[in-house]
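This briefing addresses two topics: the surroundings of the bound ligand and the arrangement of the domains. Please consult the sequence and structure shown here while reading.

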Amino acid sequence: MTEVDAVIIGGGISGLSAAHSLHRKGYSVLVLERQVRTGGNAISERFGGFLMEHGPSTVNLAMPGVATLGGRLDLAGLQTGLGSGVRKRYLTKGARLAGIGLSPLAFLTSRYLSFAGRARLIAEFWQPRGAPDAEETVAEFGTRRFGAEFSDRVLDPLVAGMFAGDAAQTELGFVMPALAAMERGHGSIIRAVLRARLTGGRMPARQLSSWRDGIGTLPCALARRMGHAVRTGVTVRRVAHAPGGFRIDAGDRGAVRARAVIVAVQPHVAAQLLEPIAAPAAGECARIAAPPLAVVYLGYRRGQVAHPLDGLGYLTSGNEGRPVNGALFCSTMFAGRAPADHVAISAYIGGARAPDLARQAPRALIDMARRDFAELLGASGDPVLARVRQWPRGLPQFQRGHLRLVERLRRALGEAPGVFVTGNYLGGVSVGACADSALDTARRVRRFLGQAAQKDIARHRPQTAAGVPANPP
Ligand SMILES: Cc1cc2nc3c(=O)[nH]c(=O)nc-3n(C[C@H](O)[C@H](O)[C@H](O)COP(=O)(O)OP(=O)(O)OC[C@H]3O[C@@H](n4cnc5c(N)ncnc54)[C@H](O)[C@@H]3O)c2cc1C
């Protein structure tokens, strides 16, 4: 039976990042991935001159984990920033799009909100601080600080776009901790923004970027560096305690023995795999919902779309009752995403707002996107390319109490030596947050393996401890 220091179950960005961090320090690792390819959600596909992103489209390169990995993997030369055509964000207002500048203060000058809505927005400056530890949802926080109109018409679309979530259910402290911190630190979000500007500081910005061949570049590069330490097409069925660590069972693909195990799969799978080795942690994972989400990618000849597509895309409030939560103008966001004289737009359907829509047949999903693009963007005729990706469990939902859930999960794992969990439901859903969380997990695994090796040495002195990494850090 193969024996390694650590088995990593799941070859998405989280699992690969954690595995690579251990691998480069000389630990023996094995990544077991169910699919025939690595990357998990991160799938970038080139076809006929288009570059389709079926999962994540952007990465925030300001986040430390991604920056570290990019450096280790020599990805700097492959980075690509937002195209110069991105000048606005769009929000739907009835059957048309309202274009708003990219600055956070642009809502004050735009007519997207009513006069009363803008006046209430300014009044945020004088609103009292909320109760600490209130576990507010984004909608509750938004209504209390900025008024109901801003909450419904701006924050609700944002939560649907970024987290496939529902602002009325999503915990602010988990998904937008910066807003909570600004209120705590400055008493007002507007005051925090103005102070940062006056003192020449910058607000923590999301630097949206990608790589020339898409977000799939990162998992591909990670997997390439690890070579045979990554096995695809292997579904882990069960993990059990075994002498000196764990036995990881992959059915007819055999079993592996490891001193530590990192569970880097979606929360519902983590719940099953953790049950025999860390039942309380499994219980917490089982509480996390992840509704289905569909991505419809359409390519058109430029002349078929009347709209200038001069933005990131558009979002819509749940109150508007549109089937499409939002769309990205893929060929404007980054250069080289569509053939010359063509454009690409992707629509996001389902999530917490309308899970059943995401389960519809691909043809119906394409029709929904086409109707939305026809009405809002003036798209006409048949697209030259149409692709649908249905994620049966799109993104984990961070409902009220999620921060406490994560705390309980971490405490439970503290009681299960050698068992580690990493993924997008612990520190944030973005690629950057997954990388941060994975590198942190790898540090904890190294500490655990180091301590375990010390114990072995003490027990077997003067012999050399078996299984100590060839190159210990
Ligand atoms: C449609 C969509 C759009 C997104 N857009 C963005 C964006 O623009 N920017 C951004 O930063 N983030 C975005 N995200 C979020 C981000 O892509 C994900 O949070 C991140 O990629 C999750 O990575 P992960 O490794 O934690 O999980 P996953 O990618 O889910 O990987 C888990 C892996 O585990 C494997 N697995 C499951 N069960 C087993 C088993 N039993 N045995 C072995 N392997 C198993 C799976 O096959 C999978 O490969 C988006 C996500 C989606 C779905």
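A polar contact is taken here as a pair of N or O atoms within 3.5 Å. The model under discussion is predicted. In this model, an N or O atom in the side chain of Glu33 is 2.6 Å from an oxygen atom of the ligand.

**Polar contacts of the ligand**

- An oxygen atom of the ligand also lies 2.8 Å from a backbone N or O atom of Asn41.
- A polar backbone atom of Thr58 is 2.9 Å from a nitrogen atom of the ligand.
- The ligand taken alone exposes 1,000 Å², and the protein buries 92% of that area.

**The shell around the ligand**

- The ligand is surrounded by 34 residues, of which Ser14, Glu33, Asn41, Val429 and Val431 come nearest.
- By residue class, the shell comprises 16 nonpolar, 16 polar and two charged residues.
- At least two shell residues are supplied by each of helix H1 (13-23), strand S2 (29-33), strand S14 (293-301) and helix H17 (431-460).
- Domain 1 (2-41 + 216-289 + 399-460) and domain 2 (80-85 + 291-391) each contribute at least three residues to the shell.

**Domains and the contact between domain 2 and domain 3**

- The protein chain is divided into domain 1 (2-41 + 216-289 + 399-460), domain 2 (80-85 + 291-391) and domain 3 (105-198).
- A distance of 27 Å separates the C-alpha centres of domain 2 and domain 3.
- Their contact takes 11 residues from domain 2 and 10 residues from domain 3.
- Between domain 2 and domain 3, the buried area is about 740 Å², with carbon and sulfur atoms giving 56% of it.
- Of the area that domain 2 buries against domain 3, Leu315, Ser317 and Arg353 supply 48%, more than any other three residues.

Key
Residues are numbered from 1 along each chain as its sequence is written. This is a predicted model: local features need pLDDT of at least 70, side-chain atom pairs count only at pLDDT 80 or more; totals for chains, interfaces and linings use all residues. Side-chain values use heavy atoms; hydrogens and water are left out. A residue is near a molecule or strand if one of its heavy atoms lies within 4 Å of it. A polar contact is a pair of N or O atoms within 3.5 Å; within protein, one must be able to donate a hydrogen and the other to accept it, and residues adjacent in sequence count only if both atoms are side-chain atoms. Accessible areas come from the Shrake-Rupley method with a 1.4 Å probe; for residues, only the protein chains shown count as cover. Helices (H or I, at least four residues) and strands (E, at least two) are DSSP runs, numbered from the N terminus. Ala, Val, Leu, Ile, Met, Phe, Trp, Tyr, Cys and Pro count as nonpolar, Asp, Glu, Lys and Arg as charged, and the others, Gly among them, as polar. Domain bounds come from an automatic or database domain assignment. Contact means heavy atoms within 4.5 Å. Buried area is the accessible area (1.4 Å probe) that two parts lose on being put together, summed over both.
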